[in-house]
Amino acid sequence: MSLLADWTAGRHTAGGVAHDTYRRGSGPGIVVIHESPGLTPEVVEFGEELVEAGFTVVLPHLFGSADAPPRTWEAARVVPRLCVTREFTMFATGVTAPLGDWLRTLARDLHASVGGPGVGAIGMCVTGGFALAMMLDPVVVAPVVAQPAVPLPVGRRRAADLNLSPSDLAEVRARVADGCPVLGVRYRDDWITGTRFETLRRELGDGFISVELPGRGHATLTDHKHPVAVVRVVDFFRERLLGR
């Protein structure tokens, strides 16, 4: 039986871009943006944990398979496609991925549907920086950056880049200064995250809450799930969206 069988399937269209979505739960909304190679069982299971914690969760399906165990060949097929799609910016520095516009409209629609103080957003790996891009809309009040990996850390400049344009980074800094913190989660020795956490600390100061786990794992909430990461993310959402 599909792990998504109990989720409500939909399709969100904005700006000429359309992607399938899956929704479940009640309470304030959270957009969970999956990592490569797709909307895997591990991502769905993390979404279920957030539902059980008292949230309405929306899983957009952006690429790869849905609800299928990842295979080595699938990652090898998906990543090259992401490198050439217009929605992602896998190598460019100082640029915000165009998919951020679509994700912000998804967050606005979710908030209009469920209410509450705002919406949570979490990006992972190749989508890690998207939670920052979503902060350009004030409806996003609980952004989480999990093991951000884009732009791919080829060279010092890319390794430090936040996948944001200078003007969008300035808006993120302003949101943080106004009281919207950013939570970041990674394994301390995960090379693919580059030096982005150092950049976030420099740019956001005390508004960046850093959770760095010991070891060389990567997917903090899915394939290499760490209980500390899950607890810190759920607690962050509870504080920001439920006032607990």
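**Exercise 1.** Locate Pro 151 among the helices and strands, and describe the peptide bond that precedes this residue.

*Solution.* Pro 151 sits in the loop that runs between strand E6 (140-146) and helix H5 (156-160), where helices (H or I, at least four residues) and strands (E, at least two) are DSSP runs numbered from the N terminus. The next step is the bond itself: Val 150 and Pro 151 are joined by a cis peptide bond, with omega about 0°.

This is a predicted model, in which local features need pLDDT of at least 70, side-chain atom pairs count only at pLDDT 80 or more, and totals for chains, interfaces and linings use all residues. Residues are numbered from 1 along each chain as its sequence is written, and side-chain values use heavy atoms, with hydrogens and water left out.

**Exercise 2.** Carry out the two steps for Pro 37.

*Solution.* Begin with the place: Pro 37 belongs to the loop between strand E3 (29-33) and helix H1 (41-52). Then turn to the bond, which is a cis peptide bond between Ser 36 and Pro 37 with omega about 15°. As background, most peptide bonds are trans.

**Exercise 3.** What is the sign of phi at Cys 125, and is this residue buried or exposed?

*Solution.* Phi of Cys 125 is near 55°, which is positive in a residue other than glycine. Most residues other than glycine have a negative phi. Cys 125 lies in the loop between strand E5 (119-124) and helix H4 (130-134). With 10% relative accessibility, Cys 125 counts as buried; the term means under 20% relative accessible area, whereas exposed means over 50% and partly exposed lies in between (1.4 Å probe, protein chains only).

**Exercise 4.** Describe Asn 163 by its phi, its place and its accessibility.

*Solution.* Phi of Asn 163 is near 65°, a positive value in a residue that is not glycine. The loop between H5 and helix H6 (166-177) holds Asn 163, and this residue is buried, at a relative accessible area of 3%.
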